[in-house]
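Trainee: I should like to go through the ligand site and the terms used for it.
Mentor: Please proceed; each value will be set against its definition.

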Amino acid sequence: MSHSSELAATARSLVTAGRGILAIDESNKTCNARFAALHIAETEDARRAYRELLLTTPGLGAWVSGAILYDETLRQSTADDVPFVRAMNDAGILPGIKVDTGTVPLAGSPGELITEGLDGLPKRLEEYRILGARFTKWRAVIAISELTPTPRALRANAQSLARYAKAAQTAGLVPIVEPEVLADGTHDMERCATVTRAALKHVFEALDAEDVDLAGIILKPNMVTPGLRSSHRASVAEVAEATLEALLANVPANVGGIAFLSGGLDDVLSTQHLQAMNAAALERPWPLTFSYGRALQQAALHAWRGSPREVPRAQAILAHRAACNAAAARGQYDQAVEDRPIFATA
Ligand code: 5MM
C-alpha cells in the first residue's frame with residue numbers, strides 16, 4: 001500500500017463503522033487540575049491508574065476506534081506491566097498522541113493564543129511512531145470576544161495546524177486537525193457560526209498551501225452553539241443544522257472524516273447533537289463521529305474519584321457513554337439507548 005493510501009485507510013478506520021475516538025490527552029497540568037477538584041492525588045501513578053481504568057474498560061473497542069494519549073501516557077503500562085500501547089492494540093483501539101505543546105499568548109494580539117510545538121516536531125513524531133502511535137493531534141484555540149478572533153490569529157493558527165499536519169503525514173502518522181472555537185463566552189449561535197466558518201476557511205486554505213493529503217486527515221471541529229454563558233438557547237435540531245451548514249460550506253468532500261470535540265457541553269447533549277447530525281436528511285460526504293474528552297470521561301471520573309473499589313462502576317459508566325455515542329455515530333441513538341441499564345452495556 002502506498003504511503004498516502006495507508007494514511008487514508010487509517011483515517012477511515014478511525015471514523016467509520018460506528019466508532020469514534022476517546023480523547024484522554026490532557027497534559028499533566030490539566031489532568032491534575034481535574035483530579036484536584038475531586039481530591040484525587042495529583043501523582044504520576046494516579047494519572048496512570050486512571051488512564052488504565054479508561055483504556056482497559058471491557059468491550060471499549062466495540063465503540064472506540066482510537067484513543068489520543070499524552071506523552072506520559074504513551075510510555076506507561078498497566079499495573080500488570082502490559083504497555084498501554086499493547087493493551088490498546090489487543091483491544092482494537094489505535095494509539096494516538098497529542099503532539100502540540102500547548103498554547104502561549106500570540107504576540108501583538110491581546111487575548112489571543114497560538115499553539116506551539118513545531119520546533120523539533122519531526123524528531124518527536126519519529127519517536128512516537130516507534131513507540132506505536134498511529135495518529136496524532138494538534139489543537140488550535142480560537143476565543144470569541146467583541147474584538148476576537150482577529151484575521152491574523154486565525155491565519156497564524158491555521159498555518160501552524162497545516163505545518164503540523166504536513167509533518168505528521170511525512171512521518172506516516174494521520175493528523176487530527178483541531179481548530180477549536182471555544183464555547184466560553186456570552187455570544188449567540190450566529191456569532192459562533194460566523195467564527196467557525198472563518199476558522200475552517202483559513203484552515204483549509206493553509207492545508208492546501210502545505211499540500212496536505214486531505215483523505216489522510218481527520219478534522220476535529222467544535223459544534224456551532226451559543227456561548228456557554230449566553231442567554232440564548234438553541235435546540236438540538238438548530239445546533240445540528242448550523243453545524244452541518246458551516247461544515248458543508250467549508251470542508252472539502254475528500255477529507256477523511258470528521259470527529260467532533262465536546263468543548264465543555266453536557267455529555268448527553270453532546271450525544272444528542274451527534275445523533276441529530278447523523279440522522280439529518282442533508283447529504284454529507286464525510287463520516288461524522290466523536291472525539292470527546294470531557295463528554296466521555298466526566299461521569300466516569302466522578303464515579304472513580306481515585307478509589308480502586310470504584311473501578312468497575314467507572315468503567316461501566318464510560319462503556320455506557322461510549323456505546324451511546326457509537327449509536328449516535330450510526331444515527332441510531334435515542335432515549336431507549338440512553339436509558340439502558342449501565343451495567344448491561346459492557
Ligand atoms: C482532553 O483534553 C485535551 C486538552 O488537554 P490540554 O488542555 O491539557 O492540552 C483537548 O485537546 C481535547 O482533546 C479536546 O479539546 C476535546 O476535548 P473536549 O473535552 O472538548 O471534548
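Trainee: What makes the pair formed by an oxygen atom of the ligand and the side chain of lysine 220 a polar contact?
Mentor: The model is predicted, so local features need pLDDT of at least 70 and side-chain atom pairs count only at pLDDT 80 or more, whereas totals for chains, interfaces and linings use all residues. Residues are numbered from 1 along each chain as its sequence is written, and side-chain values use heavy atoms, with hydrogens and water left out. A polar contact is a pair of N or O atoms within 3.5 Å. An oxygen atom of the ligand is 3.3 Å from an N or O atom in the side chain of lysine 220, so the pair is a polar contact.

Trainee: Which polar backbone atom is 2.7 Å from an oxygen atom of the ligand?
Mentor: That atom belongs to glycine 263. In the side chain of threonine 30, an N or O atom is 2.5 Å from a ligand oxygen.

Trainee: How much of the area that the ligand exposes when taken alone does the protein bury?
Mentor: Of 500 Å², the protein buries 91% (Shrake-Rupley method, 1.4 Å probe).

Trainee: Why is the ligand said to sit in the largest pocket?
Mentor: A molecule sits in a pocket if more than half of its atoms lie within 2 Å of the pocket's grid points; the ligand sits in the largest pocket, so it meets that criterion.

Trainee: Which class supplies nine residues to the shell around the ligand?
Mentor: The charged class (Asp, Glu, Lys and Arg) does.

Note on methods
Polar contact = N/O pair within 3.5 Å; in protein donor to acceptor, adjacent residues only side chain to side chain. 1 Å grid on protein atoms, 1.4 Å probe; cavity = no way out; pocket = protein on both sides within 12 Å on 5 of 7 lines; lining within 4 Å.
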